[in-house]
Amino acid sequence: MSAEAITISREFPVNPHVTSLIDGESIRPKAGGEDFPVGNPTTEQQISKLREADPEEVDAAVRSARRAFDSGPWPRMDINERKDICYSIRDHLRKNAEELAYLECLNTGLPLHSVRVHVQRMARNFEFFAEVASTMHGETYNQTKGYLTVVTREPKGVCAAIAPWNAPLALASMRIATVVPFGNTCVLKPSEYTPLSMRRMVEIFHEAGLPPGVVNLVNGRGAVTGNALVSNPDIDMIGFTGGTITGRAIAATAGRNLKPIALELGGKSANIILESANLERALDGALAGIFGNNGQQCLAGSRILVQRSIADRFIEQFVARARQIRLGDPRLPTTEVGPLAFRQHMERVLSFVQVAEADGAKLLTGGKRATRPAQGWFVEPTAVLAPHNDARVCQEEIFGPFATLLTFDTLDEAIAIANASKFGLVNYVWSDDLKAVMRCSQEIRAGTVWVNTPMMRELRAPFGGYKESGIGRDGPTSSIEFCTELKATIIPTADAALPRYGA
Ligand code: NAD
């Protein structure tokens, strides 16, 4: 590959030993601690190492966030000042966008052009939620004679924020941007596989003027660092984005400690293609829905339900296009699908080919580790035709460039299949028939229904899942609910009669 073909504006330094960042300070690795390799999935090379934060270090991070909340300036600041700092974070993210995108692409294998969009979205998140925090308001009641009751909102406290590896910048920043502008503080634990962009992101927050202790970063495995964080009694809430099995474990811990929790979990979203659809657009949308972000996205349209009258033609075209998808170095502008994030994940995705065949599904294309590029955790864009919706490839999240197609006859059947899932994150429908679209909107049990569009994220609307896809929503109203406490202050407007015990 020629060097000119890579559009990255320049290479950026990679932190050779990623450690925690607590109270605005980089933590020096202690003697005897454990390091883990950090890889580049395109080259299969180790490019850095991560120092795992032990429970003592996690405790120091929580204490820092606690101090910043209990006695620091952040929750006490005038909202305009806090908003200015959030806007400064927005500007610093934009100024450092190329560096963040470079680190994310290097460590996750996500195409650079996708990651550039994620960085711009991060900046917008801080701007948007700063505005939400500055315009939120309380309530007053004066109907009861002689009393004025004022209901105010206050920041909730210290948030434990846990992020996954599939789109670290977009997802971790969403957690922080929905929490911090309200005056809360937090401790972020990113995935142990993808710490590079996360460390730089938190440094940039400080360069933008965020006071020390408001956002602390700890790195390490879920069972060690993550578990120490979510079970720490000094946190006030948990925001988790990741898999459903982990979400269940964290919710159990949160339940024992009575901590409020917001969970953004997995999905197995149906993408319904009706005969009344614009088929060319539906085809583009179905391919983008499953192969975008290397297929590693919670909101992937991974169960593609096609009406039988158009199925042969649609599936033939889908398979032809999937075969032409360009795999390659994620830094290249021509690359459509990059490598999967790490070796074990690639092996897990590939294991679903056997699972599919054991259930009677037909392999339509792909199904193997790619030979071109010869290096890297690349999986050929894969499609299988499932015999029925009970097949494991229709029920389990595969989280890779692996499409499961199914056919149906009637709209009733399509809606029933879409709903026959333990997940309910998003669903897609392609049709120009308004009545059919409205039935899908009303009857599909999922947090989002995308109509004739692959994935338009509206920040003003709530985002989150039904059923095992999560608890709670990200969005202005839901984030105010989750990130603030309500307080009623009751004030008599005249001397009310008091009982006089012992008088
Ligand atoms: P994961 O659940 O394995 O890990 C997520 C995070 O949790 C990591 O940081 C991990 O270290 C940590 N963790 C693991 N065990 C823990 C424990 N016991 N205590 C505390 N922390 C723990 O998920 P993943 O494989 O990193 O990410 C992929 C999953 O995330 C997929 O299921 C995907 O659908 C889901 N996801 C959901 C959304 C959404 O918005 N709904 C967005 C992106 C990804």
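In this predicted model, Asn452 is partly exposed, with a relative accessibility of 24%. The value falls in this class because residues count as buried under 20% and as exposed over 50%. Asn452 sits in the loop that joins strand S20 (448-451) to strand S21 (466-467). Its backbone has a positive phi of about 55°, although the residue is not a glycine. A second residue with a positive phi that is not glycine is Lys467, where the angle is near 45°. Lys467 belongs to strand S21 and is likewise partly exposed, at a relative accessible area of 34%. Most residues other than glycine have a negative phi, and most peptide bonds are trans. A cis peptide bond is found from Arg372 to Pro373, with omega near -5°. Pro373 is placed in the loop between strand S15 (362-365) and strand S16 (382-385).

The ligand is surrounded by 27 residues, of which Ala163, Glu192, Thr246, Leu265 and Glu397 come nearest. By class, this shell is made up of 13 nonpolar, 10 polar and 4 charged residues. Helix H7 (222-230), strand S11 (237-241) and helix H8 (244-257) each contribute at least two residues to the shell. Helix H7 provides the largest share, with 3 residues.

Oxygen atoms of the ligand take part in several polar pairs with the protein. For Glu397, an N or O atom of the side chain is 2.5 Å from an oxygen atom of the ligand. Backbone atoms are involved at two other residues: in Ala163, an N or O atom lies 2.7 Å from a ligand oxygen, and in Gly243, a polar atom is 2.8 Å from a ligand oxygen. On its own the ligand has 850 Å² of accessible area, and the protein covers 86% of this.

The largest nonpolar core consists of 54 residues, and Leu188, Met201 and Phe205 have the most contacts inside it. Helix H4 (residues 112-135) gives the most to this core, namely 11 residues. Apart from this core lies another one of 33 residues, including Ala356, Ala391, Phe408 and Ala446.

The surroundings of Leu188 can be described further. With neighbours within four places in sequence left aside, Leu188 is in contact with Ala161, Ala163, Ala172, Ile176, Met198, Met201, Val202, Asn216, Leu217 and Val218. One of these contacts, Ala163, is also among the residues that come nearest to the ligand. Another, Met201, is listed with Leu188 among the residues with the most contacts inside the largest core.

Terms used: Residues numbered from 1 in each chain as written. Predicted model: local features only at pLDDT ≥ 70, side-chain atom pairs only at ≥ 80, totals over all residues. Heavy atoms only, no water. Core = buried A, V, L, I, M, F, W, Y, C linked by side-chain atoms within 4.5 Å. Buried < 20%, exposed > 50% of the residue type's maximum accessible area, 1.4 Å probe, protein only. Helix = DSSP H or I, 4+ residues; strand = E, 2+ residues; numbered from the N terminus. Contact = heavy atoms within 4.5 Å. Near = heavy atom within 4 Å. Polar contact = N/O pair within 3.5 Å; in protein donor to acceptor, adjacent residues only side chain to side chain. Areas by Shrake-Rupley, 256 points an atom, 1.4 Å probe, with all protein chains shown as cover. Nonpolar A, V, L, I, M, F, W, Y, C, P; charged D, E, K, R; others polar.
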